[in-house]
Amino acid sequence: MKVSVQAVAVWGKIAPSHSITAIMITDDQQTIVTGSQEGQICLWELSSELKISSKEILFGHTASVTCLAKAREFEKQPYVVSAADNGEMSVWNVTSGQCIENAKLPYSHTAICYYHCSARMTGEGWLLCCGEYQDVLIVDAKTLDVLHTLSSSHSSDWISCMCIVHSARIQEDSLVAVSVTGVLKVWGLSSALNSIEERQSVCEKESKSLDCVNCRAVRFCTYTERLLLLVSPTCWQVYDYCDFSLLCMEFCKSGQYFAGGEVLAAYRLIIWTGDGHSYIYQLLNSGLSKSLSPADGKVLKETVCPHLLCFTDVKENESFPFVMGFMNERKEPFYKILFSGEGSGRITLWHVPDVPVSTFDGSPKEIPITAKWTLQDNFDNSVSEGIIDHLCASNDGSENAAITSSVYIPSLDKLVCGCENGKIFVTPGLETAKAKLFGNTALKDNLPYKVLNGHSSRVTCLLYPHDKSVRFDPSWLLSGGQDSVVICWDIFTGGILYQFSLQAGPVIELLQSPESFRLKDHSTVCCVCSDRSVAILDLQKRVCLLHARKHLFPVKKIKFKPLEHLLIVGCEDDSVYVWDIEEGILERYETGETARAILAYAEGSEYFVPDALLPVSQESKRNKTAGYKPFSSYKHGMSSYSLTHTEKSSDKLTDTSCILQPFSILPVKAKWNNAIFHILLFDLEKLEELLLSSQLNGLKSSNSFHNYDTLEGAKNSAEKRTLTLKRNKTAGSISPVDGQVDAVCSNQVCRDANSAARPREESGGMKRQKKMKSSRKTRMQPPENIDVNVTIDTAKLLLSCLLPWGVDEEVDKFCVRHLDILRPQCPVSFGLVSNENHLSLMLPGWKCADRDVLEEHPVVNLFSKRLLDLSNKYLAATEATSGKKEGLETVIFLLSRIVLINRIMNMPSAVTDEIESSQKSESIHDKWRNLEAFTPSFPSFHGELPSSKSRSHSPDIGNVSLMKLISCWSDQSIKVAEAMQAMLLAEVQRTLNTLRQTEICREPLAIVEDGNVSALKQDKSSDSANFQDVEGAPDRCVLEESESPDDMNPHPWISKVCSCKVC
């Protein structure tokens, strides 16, 4: 996915599952970061009153997240690094949600420590990593390249835990680590800087075997610089850091195990268990130790004994695993926070008092829970509704049938959703998105849709094969259900063409065979069932060519060998089954190295990749190690139904889903709870290109997007239906592929759930298929130009999502009445695409701003109060464009500015640094030309309207100032959508002020008549000069003016705001 794509999430009522496996709190105590078993990372806002609210979810990992750590000095850059158990590493900006860097290494990390010594080191610092490999890796915090290894001179083993020791007394930084066998090792970091930079071997300076197997945590007491805490599952121990002698030991209670600990203060510890309990101990002096005999020549040592002061309890279901941590911040507000994350997705906070004390009778005192929160709480407390929930409602309106599968067909602009009750809804994608975002009753009531009835239970998967290969009939739509039935539908008529009854349990996935695989020119698809069987279905002959049923483990990979007609199935236990498709028999079963060799031999024909979320090309995937062999991984994370596969050149030529569309919908399905949500994707550069080309060609919009207020004001449903049909008639469709069957579809449109079309008999479906074959050649013609009205509708929908509604009431009225941009019903959940396969999405209920920004006007879609300041800075850095623009030109101009800001925000920092350092005008010209080389694409890079002149001239100083301003915003971790909002607010206010000044200049002119000076009379009743009075103007006026052959007015919109006779 390109970074020029703007994403908007449409969430449902059920939050995606988030089984927490790692948790941390940032240094500023404003953000909680959690990693999950599904592979996602969630950002939670933590207020100064210790209130929790989830605000953003980050996608990028395809396996379970194992650890989190900071990746920079947080005061300078709010970066956090995450690692997954398949070797993936990503650096995130937790303020903007952007993925800064990502890599995949052949190492599985379990703990990461950030180290940077500004006085002795250059660069951004190191990430000291340990995990399922020997010793400690040093990874560059900026590039994620492996720099060096801290090796062991003897007893080299896996490291289970580690910590960095900063000793102010001896001015030395060290790394203390404990191996899985209980060997404690100390590496000197300060003294080894030169050796590491010169790539010389660095070994530990101290090593001692301790009785601490499978150590969970090691912590150094910075208050005394003497105590060293080690926590193992069975006990926790305190050692003297000088000679590693044991000072104290406490065993765990029966039925519990220790999971970690931290030093609260001098001689005060907090230890927590794996089931969510924690205990605070005070270490008391116990006098001389008797365990050390003076006969051995050693001096008598003082020991300490623990005294339990306080404890915490979750008092909830403890069946889920807990991961816990402690935050001891020395900055204001000086909170000591104990936090935990559960496998159920819940976060719990305890505010630990500065001086924990026991009760009066000496018994331990319980610390109450301060706050707790889950993702579902955000969904319950906000107006969160699925994209077609209004269609799936029951007759009494009590509940909705949950969406269980979904697919979007870009060539037809059709959104197909399968529900839990077996129904399948087919709706126009763009109109459905508008109805959901705007919450308009008239839009929802008049949304055209079809209902396909055929499954007796839940619809589990959907597939439209023509989008991947033209050899499939464009009318075929496949659906699989929990009833183990695969149905082939005619998407244009809603009839059933054929049914495949597999009797193999619920259908898990429907997958399309690679283009290179052809079995006697048959159109085949692959079906994976819950009983671990794989079926190959021939859609033309309507037969099952092969049903492989003997797999012992779930299917992970499916590959083809077309020449030998072999099907290769790889399972989760790394075993391989080789099937003969023609004979229908199992030829080979292999495991181990032989199985890996077979999968490697069949490389290039793989098409079942369940880990992918975003459609990315294989060239964009990074692999830091050339000899890297992929780890076996389970199916973690979110998986869309448009599963990616290893593309060949033939696939790229015949893949019709790559039709350049400015708007698309990406359905995403969660793993554990099967929650479905949709992501609206707006290709900014493609949208700008289409709008500019339409303007150059002189095409005019029929304003099909607006006039929904007229729909709401209709007196009855018949009038609403008439107005909607009139509007849809002018709207057109994104692609004319289904233009020949529009008449058939219009007769099948359902206006009410009770009037759903019944499934046809099989014989009827065969007749319709024969009838459709005659028109197949017409439908398979290459698509023509995209309708300009649909492009304009898409641009206005994007602007309605990005505009900061509620800041200025006059700006809102101007956008609604003159730009035909509607106001969304609730804050929009924006998304940010970074590094092509990383995506961040804002969650419903995110705190958009302080509610006191505007007391009299509800604020919608405003990020923060600083947006007003950003808007003023934008006005100061830019100049107003010359000339007055009509409504459509204003929309195009705003969109071009959005594209410009997106390009600058996603520019490499090296380019912006060079431009900022340039002082001479000719240098500015050279740097800007380099910038254009970085983003070569479309005209109007400077955000100006297109002209007939070439844009090879040097940019003006205002554009360079704008680029410097936006680059500065990017360095300040300002979100891309927030920068777009500041620009939109400034530009619309500037346009509004221009109109006001125009009206002032158009005061009644003084004329001389018979030697007397008199004012030009003007009828007050015709106040057409006031733009606020154009609200009631009928839309047909624009159409009549634009369609008149004698119309000499190039801009009909001006006549609405101008009172002179010239306009």
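**Exercise 1. Which residues does tryptophan 969 touch, not counting residues up to four places away in sequence?**

Solution. Before starting, note that this is a predicted model, in which local features need pLDDT of at least 70 and side-chain atom pairs count only at pLDDT 80 or more, while totals for chains, interfaces and linings use all residues. Residues are numbered from 1 along each chain as its sequence is written, and side-chain values use heavy atoms, with hydrogens and water left out.

Step 1. Taking contact to mean heavy atoms within 4.5 Å, tryptophan 969 touches Leu870, Lys873, Tyr874, Ile974, Ala979 and Ala982.

Step 2. Place Trp969 in its core, where a nonpolar core is a set of buried Ala, Val, Leu, Ile, Met, Phe, Trp, Tyr and Cys residues joined through side-chain atoms within 4.5 Å, and buried means under 20% relative accessible area, exposed over 50% and partly exposed in between, with a 1.4 Å probe and protein chains only. The largest nonpolar core has 91 residues, and Phe663, Leu680 and Trp969 are those with the most contacts inside it. Helix 20 (residues 976-1001) gives the most to this core, contributing 12 residues; helices (H or I, at least four residues) and strands (E, at least two) are DSSP runs numbered from the N terminus.

Step 3. Another core, of 35 residues, lies apart from the largest one and has Val5, Ile23, Trp44 and Ile337 among its residues.

**Exercise 2. Describe how strand 49 and strand 50 are paired.**

Solution. Step 1. Strand 49 (residues 663-669) is mostly covered, with 6 of its 7 residues buried.

Step 2. Two strands pair if DSSP finds at least two bridges between them; strand 49 and strand 50 (residues 676-683) do so in the antiparallel sense over 7 bridges. Valine 668 has phenylalanine 677 in strand 50 as its bridge partner.

Step 3. The hairpin of these strands has 6 residues between them, and asparagine 674 takes a positive phi near 55° there.

**Exercise 3. Set out the order and the edges of the sheet that contains strand 29.**

Solution. Step 1. The sheet is open, and its 4 strands follow the order 27-28-29-31 with antiparallel pairing.

Step 2. Strand 27 (322-328) and strand 31 (371-373) each have a single partner strand, so one side of each is left without a neighbour in the sheet.

Step 3. Strand 29 (residues 347-352) is joined to strand 31 by 3 bridges and runs antiparallel to it, with threonine 348 standing opposite lysine 372 of strand 31.

**Exercise 4. Is helix 3 enclosed or left open, and what follows it?**

Solution. Step 1. In helix 3 (residues 429-438), 10 of the 10 residues are buried, so the helix is largely enclosed by the rest of the structure. The buried residues include the charged-type names Glu431, Lys434 and Lys436 as well as Leu430 and Phe438.

Step 2. Glycine 439, whose phi is positive, near 60°, follows helix 3.

**Exercise 5. Characterise the surroundings of glutamate 590.**

Solution. Step 1. Glutamate 590 is found in strand 47 (residues 585-590) and is partly exposed, with a relative accessible area of 23%.

Step 2. Leaving aside residues up to four places away in sequence, glutamate 590 touches Ser575, Val576, Ala595 and Ile598.

Step 3. Glutamate 590 and glycine 570 are 20 residues apart in sequence and 9.8 Å apart in space, C-alpha to C-alpha.
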